[in-house]
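Subject: Structure handover

Hello,

Here is the structure for your files. My notes on the fold and on the salt bridges follow below.

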Amino acid sequence: MAQQRYRLKLSKLQFCSLVDDPAQPNAKLLAIKRRGKADEITATAKLAKLNDELGLAFFWAFTSTNPDGTDHFDLQGDTIDADFIKAAMDFMLDGGGAVDEMHDGEATDGRVVFAFPMTPDIAKAFGVVTKQSGLMIAIKATDEQLAKLKDGTYTGVSIAGLGTREAIKSKPGRVCKGSLYTNEVDGHQHEIYCYEDGTFWVSYATAAGAENNHSHGIVFEDGKLVILADSGHAHELAEGQPGVAVVPADALVIVAARAPRATSSKSVAAKSTPSIAPHNMGSQPETTMDPKDQQIADLTKRAERAERIAKMSGAHKTHFDTLAGDDAEAFLSKSNAERESAVKAALEDDKPIWTGEVTKVAVRKRDGELALQLAKQNEANAAALAKREAEIEKADVRKCAAEVLGGAPGDDATHDSIIAALRKGCDAEQLEKALATLKGLKAASRVGKAAPGASGGAPEPGDALDAFNAGVKSYAEKHKIADEGEALVKYLGTSEGQALKRAYDQTRAYGKHLA
């Protein structure tokens with residue numbers, strides 16, 4: 001049996017109270033007791049936004065309607081009447097927007113500094129489109145109140161006042177035509193009642209661990225029912241239920257085609273629905289569907305198809321979008337369990353069964369044996385090419401190392417490692433300078449010649465001088481410098497020139513030492 005509902009008419013607002021546990025994200029209405037007599041009213045709402053810089057806390061003080069424009073009812077079946085503007089105005093004028101805490105009735109230094117009634121008409125005047133009605137407020141909180149809002153001690157606001165509670169008479173002749181049900185969330189489900197006037201109502205249920213029961217708002221959007229969030233969660237229609245279609249009042253909907261009962265060809269021809277001739281009627285004339293009826297049937301079929309697609313889960317819809325033609329239609333016709341199996345099989349087919357180490361190409365089961373063989377052949381070709389390139393690189397490094405470091409301390413492998421590291425870590429300009437420096441060091445150490453004192457001989461200054469002069473000459477020719485003095489100065493500014501100059505100076509110093 002449907003819950004009795006009531007309309008609350010506010011006559012006076014008294015306090016805006018900061019509270020610790022508002023029960024609903026919009027408004028929860030409590031405590032109206034008798035019809036025709038002023039009683040206490042409270043409406044609580046969650047904190048919407050904080051502005052730390054100004055110390056403001058923004059709330060829906062209460063809402064009269066849901067986002068879809070339908071009346072907002074609390075757990076007791078109460079809704080605040082939309083005619084609340086005068087009570088809100090008097091609250092700001094007479095009480096100055098008084099704020100207390102936990103309904104203790106003692107005004108604090110906090111104040112309601114903004115209170116704005118929001119209705120569709122008012123919103124439209126400001127160029128804003130909304131179907132929701134209610135009172136929006138901002139509280140200039142004290143530092144202590146703001147701290148409690150930040151740490152969660154206070155999570156909402158409650159407005160207390162006076163008003164009357166009147167029972168809402170149900171619409172005459174409102175008949176429940178059928179019902180649906182939601183999926184299970186937090187250990188509970190809801191039944192959805194579908195009425196003949198095109199409206200819906202979600203039954204009350206209690207979530208696991210909750211003290212109070214709750215319901216949900218419900219709207220029809222983009223061809224499907226949307227169940228709005230309440231008490232921290234939302235639902236969807238459970239799988240395997242019939243669809244809901246909303247059509248214009250004057251629309252003609254064909255639910256199913258039937259075979260005509262008439263047996264004569266004359267009466268059959270007068271029908272607009274297709275006929276099905278029994279097999280023992282022989283050569284009875286065929287009948288055709290009226291073009292308008294055919295168009296309606298096609299539209300109905302497309303609408304049913306769109307509805308089946310809309311009810312798919314995310315994973316099923318993602319897989320469906322990869323299909324085309326008969327494959328797509330076959331998947332659409334499957335049951336939910338069959339679709340789940342198809343999606344799992346597709347995911348299994350999508351797992352890589354082989355990945356190339358060089359090419360990094362991944363082959364999946366669905367790619368087939370030919371794709372696997374081609375990928376392996378490409379991997380072999382790429383590996384052979386990489387090996388050949390490595391051999392060429394190794395030979396090139398060996399040649400450079402022999403030229404630059406040949407005869408220097410260390411074995412060939414060490415020399416190769418030095419050159420390979422330089423080639424890998426330097427750009428072309430840096431590499432040229434580094435190799436020139438090594439050549440200069442080689443010349444300075446008299447590599448390939450007798451070391452000083454090794455065989456009783458002395459280093460020859462002339463050899464180092466000849467190497468330096470040769471370097472100056474080569475530099476001048478390379479840079480087309482005719483003046484010998486200019487070439488000498490510039491060559492001494494290079495790393496190679498400096499190295500050869502040091503080598504020459506060392507041989508001279510060694511000769512003086514022997515003298």
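The protein has 14 helices and 16 strands. Please keep in mind that this is a predicted model, and that every value in this email was computed from it.

Some overall figures come before the details. The protein has 515 residues, of which 31% are buried. Among contacts with a separation of 6 or more, 54% are between residues 24 or more positions apart. The exposed surface comes to about 31600 Å², and carbon and sulfur atoms supply 54% of that area.

Salt bridges

The count is 16 salt bridges, taking a side-chain nitrogen of Lys or Arg within 4 Å of a carboxyl oxygen of Asp or Glu. Three of the pairs are described here, followed by a network.

1. Lys86 and Asp90. The closest N and O atoms of this pair are 2.8 Å apart. Both residues belong to helix α1, which covers residues 85–94. They sit four residues apart, or about one turn of the helix. Lys86 counts as exposed, at 55% relative accessibility, while Asp90 is partly exposed, at 22%. The cut-off for buried is under 20%, so Asp90 with its 22% does not count as buried.

2. Arg305 and Glu329. Here the side chains meet with an N to O distance of 2.6 Å. Arg305 is in helix α5 (residues 291–310) and Glu329 is in helix α7 (residues 325–333), so this salt bridge ties together parts that are 24 residues apart in sequence. Each partner is partly exposed: Arg305 has a relative accessible area of 29%, and Glu329 has one of 35%.

3. Glu486 and Lys490. The closest N and O atoms in this salt bridge are 3.1 Å apart. Helix α13, residues 484–492, holds both partners. Their spacing is four residues, about one turn of the helix. Lys490 is partly exposed, with a relative accessible area of 41%, and Glu486 is partly exposed as well, at 36%.

Then there is the network. Arg7, Lys9, Asp71 and Asp81 are joined into one network by salt bridges that share partners.

If you want a place to begin in the viewer, which helices does the salt bridge between Arg305 and Glu329 tie together? They are α5, where Arg305 lies, and α7, where Glu329 lies. The other two pairs each stay inside one helix, with Lys86 and Asp90 in α1 and Glu486 and Lys490 in α13.

Regards

Key: Residues numbered from 1 in each chain as written. Predicted model: local features only at pLDDT ≥ 70, side-chain atom pairs only at ≥ 80, totals over all residues. Heavy atoms only, no water. Buried < 20%, exposed > 50% of the residue type's maximum accessible area, 1.4 Å probe, protein only. Contact = heavy atoms within 4.5 Å. Areas by Shrake-Rupley, 256 points an atom, 1.4 Å probe, with all protein chains shown as cover.
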